Amino acid sequence: QKHLPRTLCTLARFDRHAIGTHCPRAWPRGRRALVCNSNQRTCGAATESSSKKKFDFPDGSSYFGEIRDGKMCGEGEWRSAAGDTYVGTFANDAFQGSGCYVDVEGNAFTGGFGAGVFEGAGTYVYADGRAEVGWYRAGRDEGDGARWSADRAQAWRLQNGEVKDEISLAEAASIAAQLGLRVPQSIYEMDDLGACRL
């Protein structure tokens, strides 16, 4: 089972026009407050400095990155209190564009994000070393994909995220190429310095 990004608490002006559900620890009008599931439109014009800033939220999560119009927008890094991380681009307080999400268990997704969930082509590597490539729409697998064993010695065809049949390694590599992706490196392969990734 794939782990999707957790609900992202965000920065927003605390007033009647803030969209979303206010988190329990709201500050007085005009101060910053946490808002969960804020609107997901694209970044507006930078009216504040877009230099990188660090924020620690009352729920234990943190953000270091660009802020525009009082929202996480541009390049940044978010960490949950549980230990999940996302490094990549944001738009209006949501994961948007290219990024890498790693959950606390060590499962990792690298690829496209839209409105805070997987969107477009991406590679999902399970903590045990299995890996798959696929296309995502609104956080769900869509269409053809491929899965490899941890040692990359076996491969399977995926249809909408479900295993259909075992296929050759060449066929799995072809599916990855059609998605514009490469076969994920095995955890048993050596890196550029000659060390095993395991």
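Strands here are DSSP runs of E with at least two residues, and helices are runs of H or I with at least four, both numbered from the N terminus. The model described is predicted.

**Confidence**

The protein chain has a mean pLDDT of 79, with 70% of its residues at 70 or more. Over residues 11–49 the pLDDT stays under 50, and for this stretch the model has 92 contacts beyond four places in sequence. Where pLDDT is low, the predicted coordinates should not be read in detail.

**Strands 11 to 13 and the loops**

Strand 11 pairs with strand 12 in the antiparallel sense, over 6 bridges. Within this pairing, Tyr136 has Asp141 of strand 12 as its bridge partner. The hairpin that strand 11 and strand 12 form has 2 residues between the strands. Ala138 is placed in that loop between strand 11 and strand 12, and its relative accessible area of 56% makes Ala138 exposed.

Strand 12 also pairs with strand 13, again in the antiparallel sense, over 5 bridges. Here Trp148 stands opposite Ala155 of strand 13. The hairpin of strand 12 and strand 13 has 6 residues between the strands, and Arg152 in this hairpin takes a positive phi.

Asp69 belongs to another loop, the one between strand 5 (62–68) and strand 6 (71–79). With a relative accessible area of 35%, Asp69 is partly exposed. Positive phi values from these loops, and from the residue position after helix 1, are listed below.

| Residue | Phi |
|---|---|
| Asp69 | near 55° |
| Ala138 | near 55° |
| Arg152 | near 65° |
| Gly180 | near 80° |

Both Asp69 and Ala138 are residues other than glycine. Gly180 follows helix 1.

**Helix 1**

Helix 1 spans residues 169–178, and Ala172, Ile175 and Ala176 are buried in it. These three lie on the same side of helix 1, because they cover an arc of only 100° around the axis. An α-helix has 3.6 residues a turn, so residues three or four places apart point the same way. On the other side of helix 1, the exposed residues are Ala170, Ala177 and Gln178.

What covers the buried residues of helix 1? The cover includes strand 11 (131–137), strand 12 (140–148), strand 13 (155–159) and strand 14 (162–167). Strand 11, strand 12 and strand 13 are thus part of this cover, in addition to the pairing of strand 12 with strand 11 and with strand 13.

**Aromatic rings**

A pair of aromatic rings is described by the distance of the centres and the angle of the planes. The model holds 15 aromatic pairs when ring centres within 6.5 Å are counted. One of them joins Phe95 and Phe113: the ring centres are 5.8 Å apart and the planes stand at 85°, so the pair is edge-to-face. It links distant parts of the chain, with Phe95 in strand 8 (residues 94–102) and Phe113 in strand 9 (residues 108–114), 18 residues apart. Phe95 and Phe113 are both buried.

Phe118 and Tyr124 form an edge-to-face pair as well, at 6.3 Å centre to centre and 65° between the planes. Phe118 is buried, as is Tyr124.

Ring pairs join these four residues to a cluster that also includes Tyr63, Trp78, Tyr86, Phe90, Tyr101, Phe109, Tyr126 and Tyr136. Two of these members have further contexts: Tyr136 is the bridge partner of Asp141, and Tyr126 has Arg130 over its ring face, at 4.1 Å from the ring centre.

How values were computed
Residues are numbered from 1 along each chain as its sequence is written. This is a predicted model: local features need pLDDT of at least 70, side-chain atom pairs count only at pLDDT 80 or more; totals for chains, interfaces and linings use all residues. Side-chain values use heavy atoms; hydrogens and water are left out. Rings of Phe, Tyr and Trp (its six-membered ring) pair if their centres lie within 6.5 Å; planes under 30 degrees apart count as stacked, over 60 as edge-to-face and the rest as tilted. Buried means under 20% relative accessible area, exposed over 50%, partly exposed in between (1.4 Å probe, protein chains only). A charge sits over a ring if NZ of Lys or CZ of Arg is within 6 Å of the ring centre and within 35 degrees of the ring normal. pLDDT is the predictor's confidence in each residue, from 0 to 100. Contact means heavy atoms within 4.5 Å. The arc is that of the directions from the helix axis to the C-beta atoms. Two strands pair if DSSP finds at least two bridges between them.
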